[in-house]
Amino acid sequence: MKQTKYVLSGGLAFAEEKDMKQLRKLSNDGWHVSGFKFMGYTLKKGESADYIYSVDYRSLKDMEAEEYFEFFASSGWTHISSEGSIHLFRALPGTKPIYSDRETTAEKHVNSIKSMRWLVISMVFLTVFACLGALISTGTLQLVFNILAVVFLIVAIPASWTLIATYSNKWTAEGRKGLVTVVKALPIVFLLFVVLIIFQVFESISYSVSILAAMLIGGIVAPMIIWVIMSLYIRVRGNN
């Protein structure tokens, strides 16, 4: 009987609450999360127990880490794992939530925004730079810029989408409904922008359509492939 397994995350920026509920359900089934893994979590088999889970975002300096985790421990939250500035905790049902009011919940999302903002800005800048390079160059150099534009775009899209979702979470916590409504419309605008860029960079309409179709299929199939690969990896590593 396998003792470890892997589950995909819905993306903390998009489905944090759903992820935490899923981890609680898995704990009730005897599967307890032991750490973060690429786009998901690793779990170990144990006794069934009812645990609630919560995630926090904070960049910690060496001198801050001990005090930070002691604070949560004193509040009944056990540290499970950290990945960069993301920290996962669990506790028994009834434990006071880590964030229980609008102000601190919004602060939590601000910490998450800080950790990804410069990555997104850098990737968007590089994407625009590569697109401009493709527009003003010819021959082999244009081909190189075209490839770079697609590669940067593949990274920039999910990164930007995640940052937008995090801002939406922050504004939801603050009760700023107008901004949340605007943000919900941004993915459509952003998608149209991406389509325009692809049609601009690739002069062939059929090739542009092929690129878009490949991105769409990739977006659907990629999570399944990642789940299969990571599940096999965790199972083999766990058995060893």
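Trainee: What makes Gly30 stand out just after H1?

Mentor: Its backbone: Gly30 takes a positive phi of about 95° there. Keep in mind that this is a predicted model.

Trainee: And H1 itself, where does that helix bend?

Mentor: At Lys18, by about 40°, within a helix that covers residues 12-28. The bend is the angle between axes fitted to the seven residues ending at a residue and the seven starting there, so the 40° at Lys18 compares those two stretches of H1.

Trainee: Why are Leu12 and Met20 in H1 called buried?

Mentor: Because buried means under 20% relative accessible area, and Leu12 and Met20 are among the H1 residues that count as buried. Others on that list include Ala13, Asp19 and Leu26. Across the 240 residues of the protein, 37% count as buried.

Trainee: OK, on to the sheet. What makes E4 and E5 edge strands?

Mentor: The open sheet has three strands in the order E4-E6-E5, paired antiparallel. Strand E4 (52-57) and strand E5 (78-83) each pair on one side only, which puts them at the edges. From one strand to the next, the twist averages 25°.

Trainee: Why do E4 and E6 count as paired?

Mentor: Pairing takes at least two bridges; E4 and E6 (residues 86-91) have six, in the antiparallel sense, so they qualify. One bridge joins Asp56 to His87 in E6.

Trainee: Which helix packs on that sheet?

Mentor: H2, residues 62-74. This helix touches E4, E5 and E6, and its direction makes about 25° with that of E6.

Conventions
Residues are numbered from 1 along each chain as its sequence is written. This is a predicted model: local features need pLDDT of at least 70, side-chain atom pairs count only at pLDDT 80 or more; totals for chains, interfaces and linings use all residues. Side-chain values use heavy atoms; hydrogens and water are left out. Helices (H or I, at least four residues) and strands (E, at least two) are DSSP runs, numbered from the N terminus. Buried means under 20% relative accessible area, exposed over 50%, partly exposed in between (1.4 Å probe, protein chains only). Axes are lines fitted to C-alpha atoms, for helices over the stretch in contact, and angles run from 0 to 180 degrees between N-to-C directions. Contact means heavy atoms within 4.5 Å.
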